[in-house]
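Colleague: Got a minute to walk me through this one? I'd like to start with how the strands go together.

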Amino acid sequence: MTEHPMRRKDRQLSLEETWQVVRRGTHGVLCLTDADGWPYGVPMNHVVMDGKLYLHCAKAGHKLEALAQNDRACFTIVTQAQVVPEHITTLYESAMVFGTARLVTEAREHDAALAALIDTLGQVSPAIREQYIAKKSKNTAVLVLEPLRLTGKASRSYKPVTQRM
């Protein structure tokens with residue numbers, strides 16, 4: 001994988017800060033390339049377990065067809081984006097996770113990822129969580145993205161527009 005240096009080094013996050021953005025985020029955009037070579041980006045919820053990103057989806061569709069052709073993926077997360085119109089800028093923090101993705105086939109890993117997603121997205125009792133997994137698990141696919149490289153970037157302050165002209 002070719003590394004492209006970040007142009008704005010002053011905004012580059014450390015690896016630890018980047019992981020914090022990834023863990024804090026609840027959703028992002030999964031980017032794949034389909035069989036015709038077209039990019040395909042789809043918003044998805046995610047959770048981090050054991051240094052990997054887990055996502056859930058239907059058991060059929062464009063995303064799984066693309067993944068079957070090419071396992072390389074990128075997941076982009078934005079945890080903050082605040083436009084500051086009077087200064088023509090945006091305060092933001094974001095992360096990109098590059099790696100390989102695959103369909104989770106082992107039942108324990110699949111259900112553990114679903115449980116972690118439910119804990120991240122919902123506020124239900126453990127009993128309801130288990131009932132939900134029992135009912136939905138057979139119709140839900142889980143993907144895992146194994147990171148090869150992460151990049152993070154943030155703009156948490158700005159100079160007034162008059163100082164940047």
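**Strands, a helix and two odd residues**

Modeller: Sure, start at Cys31, which stands opposite Gly41 in β2. Keep in mind that this is a predicted model, where local features need pLDDT of at least 70 and side-chain atom pairs count only at pLDDT 80 or more, while totals for chains, interfaces and linings use all residues. Numbering runs from 1 along each chain as its sequence is written, and side-chain values use heavy atoms, with hydrogens and water left out.

Colleague: OK, and how many bridges join β1 to β2?

Modeller: There are 7, and the two strands run antiparallel, with β2 covering residues 39-45. Strands are DSSP runs of E with at least two residues, helices are runs of H or I with at least four, and both are numbered from the N terminus. Two strands pair if DSSP finds at least two bridges between them.

Colleague: What sits between β1 and β2 in that hairpin?

Modeller: There are 5 residues between the strands, and Gly37 in this hairpin takes a positive phi near 85 degrees.

Colleague: Which residue in β5 is the bridge partner of Leu30?

Modeller: That's Phe75. The pairing of β1 (residues 27-33) with β5 (residues 72-84) is antiparallel too, over 3 bridges. On top of that, β5 is joined to β6 (residues 89-103) by 12 bridges, again antiparallel. One pair to look for there is Val78 with its bridge partner in β6, Ser94.

Colleague: And what about the β5 and β6 hairpin, how many residues are between the strands?

Modeller: It has 4, and Ile88 is where you find a positive phi near 50 degrees.

Colleague: Why would anyone point out a positive phi?

Modeller: Because most residues other than glycine have a negative phi. Ile88 is not a glycine, yet its phi is positive, about 50 degrees. Ile88 is placed in the loop between β5 and β6.

Colleague: Is Ile88 buried or exposed?

Modeller: Exposed, because its relative accessibility is 64%. The cut-offs are under 20% relative accessible area for buried and over 50% for exposed, with partly exposed in between (1.4 Å probe, protein chains only).

Colleague: Which loop holds Asp50?

Modeller: The one between β3 (47-49) and β4 (52-57). Asp50 isn't a glycine either, and its phi is positive at about 50 degrees. With a relative accessible area of 74%, Asp50 is exposed.

Colleague: Switching topic: where is Thr18?

Modeller: Thr18 is in helix α1, which covers residues 15-24. Its relative accessibility is 1%, so Thr18 counts as buried.

Colleague: What does Thr18 touch?

Modeller: Leaving out residues up to four places away in sequence, Thr18 touches Leu13, Ala95, Leu150, Thr151 and Gly152. Contact here means heavy atoms within 4.5 Å.

Colleague: Zooming out, how many helices and strands does the chain have?

Modeller: 4 helices and 7 strands. Going along the sequence, their order is α-β-β-β-β-α-β-β-α-α-β.

Colleague: What does the C-alpha trace span?

Modeller: About 60 × 40 × 25 Å along its principal axes. The chain has 165 residues, and 39% of them are buried.

Colleague: Last one: of the contacts between residues at least 6 apart in sequence, what share joins residues at least 24 apart?

Modeller: 72% of them do.
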